[in-house]
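Open your viewer and get ready to click through the model stop by stop. At each stop you will hear what to select and what to look for.

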Amino acid sequence: MPISRSFPKSIEALEQIVDFLDSSVGGGKIDPEIVGMMQLAVEEIFVNMVKYNDSSSNDIRIELDHRADILRIRLTDFDVDRFDPTEAAAVDINMPLSERRAGGLGIHLVKTMMDQIEYEYKDRNSSVTLIKNLNSTGG
Amino acid sequence: MFEISRISDDTIALSGRFDASQVKKATEFLAPVDCSITFDLADLDYISSAGLGVLVATYKRLDQSGKTVKLKNLSGHIQTVFKFSGLDRIFQIIRD
């Protein structure tokens, strides 16, 4: 059964989010490599919502749905303008640092580490769903 | 819990979780550093793009004055993040 919790729209909530993920998924049985990827993907999307969806200060809801080997993590930001991180321009990681544009690396990492990312914008609520096969280290 | 400390003249150790909430702490610590350095990441458990951003900014600043920034003791998640970001080809990584 999916479980969810809401977190203040603040970078300081990251510690609570990690505790929530750790206590809710896998019971310590998931490959630590995948745990790190999952935490990173959630942080990057959450921080994007905190930084760029500043039209409201409502809490951000995180829902976890773990069935068989598939984990779905849905982050929802309420009453905000549309901001679809999956449309972010690709980052060319082969470019020298001096030629790379600022930003975008976080979303690049999410896209690389997750198996799938879905975006939904409905009734001014912005949701990003991260999907990960817990047997896949991706990349 | 994230910690950053100077463990020798040219080595700075990072430990714990280097996420977006630790950017200010790390940036303030690194601002006065003005020599070639090695980051020892042996006890760093986690890093996100926010943490990478601080290391990249330090690299760019020191590189402009001919200084080097090296990394050592990357393992697990840390190694994966550097690889997927392409930064493993930017920073010089000291391997045992």
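Start by selecting strands β4 and β5 of chain A: they form a hairpin with two residues between them. In the turn, click on Asp123(A), which has a positive phi of about 50°. Helices (H or I, at least four residues) and strands (E, at least two) are DSSP runs, numbered from the N terminus. This is a predicted model, in which local features need pLDDT of at least 70, side-chain atom pairs count only at pLDDT 80 or more, and totals for chains, interfaces and linings use all residues. Residues are numbered from 1 along each chain as its sequence is written, while chains are lettered from A and ligands numbered from 1 in the order in which they are written.

**Stop 1: the sheet of chain A**

Stay with the hairpin and colour residues 116-122 for β4(A) and residues 125-133 for β5(A). Seven bridges hold this antiparallel pair; two strands are said to pair if DSSP finds at least two bridges between them. To see one bridge, select Tyr121(A) and its partner in β5(A), Ser126(A).

Which strand lies beside β5(A) and pairs with it over eight bridges? It is β3(A), residues 70-77, and this pairing is antiparallel too. Ile70(A) has Asn133(A) of β5(A) as its bridge partner.

Now show the whole sheet. Its five strands follow the order β1-β2-β3-β5-β4, with antiparallel pairing, and the sheet is open. β1(A), residues 3-7, and β4(A) are the edge strands, each pairing on one side only. On average, neighbouring strands are turned by 15° against each other, direction ignored. For such values, axes are lines fitted to C-alpha atoms, for helices over the stretch in contact, and angles run from 0 to 180 degrees between N-to-C directions.

**Stop 2: two helices of chain A**

Add α1(A), which packs on the sheet and touches β1(A) and β2(A), the latter being residues 60-67. The direction of α1(A) makes about 170° with that of β1(A).

Next, select residues 14-24 for α1(A) and residues 32-52 for α2(A): the two helices pack at an angle of about 140°, their axes 11 Å apart. That makes α1(A) oblique to α2(A) (angles under 35 degrees count as roughly parallel, over 145 as roughly antiparallel, 65 to 115 as roughly perpendicular and the rest as oblique). Show the side chains of Leu14(A), Ile17(A), Val18(A) and Leu21(A) on α1(A), then Met38(A), Gln39(A), Val42(A), Glu43(A) and Phe46(A) on α2(A), since these make the contact. Two residues are in contact if their C-beta atoms, placed from the backbone, lie within 7 Å. Seven of these contact residues are nonpolar, one is polar and one is charged (Ala, Val, Leu, Ile, Met, Phe, Trp, Tyr, Cys and Pro count as nonpolar, Asp, Glu, Lys and Arg as charged, and the others, Gly among them, as polar).

**Stop 3: the sheet of chain B**

Move to chain B and select β1(B) with β2(B), residues 11-18; they pair in the antiparallel sense over five bridges. These strands form a hairpin with two residues between them. Click on Glu3(B), and you will find its bridge partner, Ser15(B), in β2(B).

Then select β3(B), residues 37-47, and β4(B), residues 69-72, which run parallel and are joined by four bridges. Ile37(B) is the bridge partner of Val69(B) there.

Seen as a whole, this open sheet has five strands in the order β1-β2-β3-β4-β5, with mixed pairing. β1(B) (3-8) and β5(B) (92-94) stand at the edges with a single partner strand each, so one side of each is left without a neighbour in the sheet. Neighbouring strands are turned by 30° against each other on average, direction ignored.

**Stop 4: two helices of chain B**

Select α1(B), residues 23-30, together with α2(B): their axes come within 10 Å and cross at roughly 15°. The two are therefore roughly parallel to each other. On α1(B) the contact uses Val23(B), Ala26(B), Thr27(B) and Leu30(B), and on α2(B) it uses Ala50(B), Val54(B) and Thr58(B).

**Last stop: where the chains meet**

Show both chains: 18 residues of chain B are in contact with 20 residues of chain A. On chain B's side, α2 (49-64) and α3 (76-85) are the elements that give two or more residues. The largest share, six residues, comes from α3(B).
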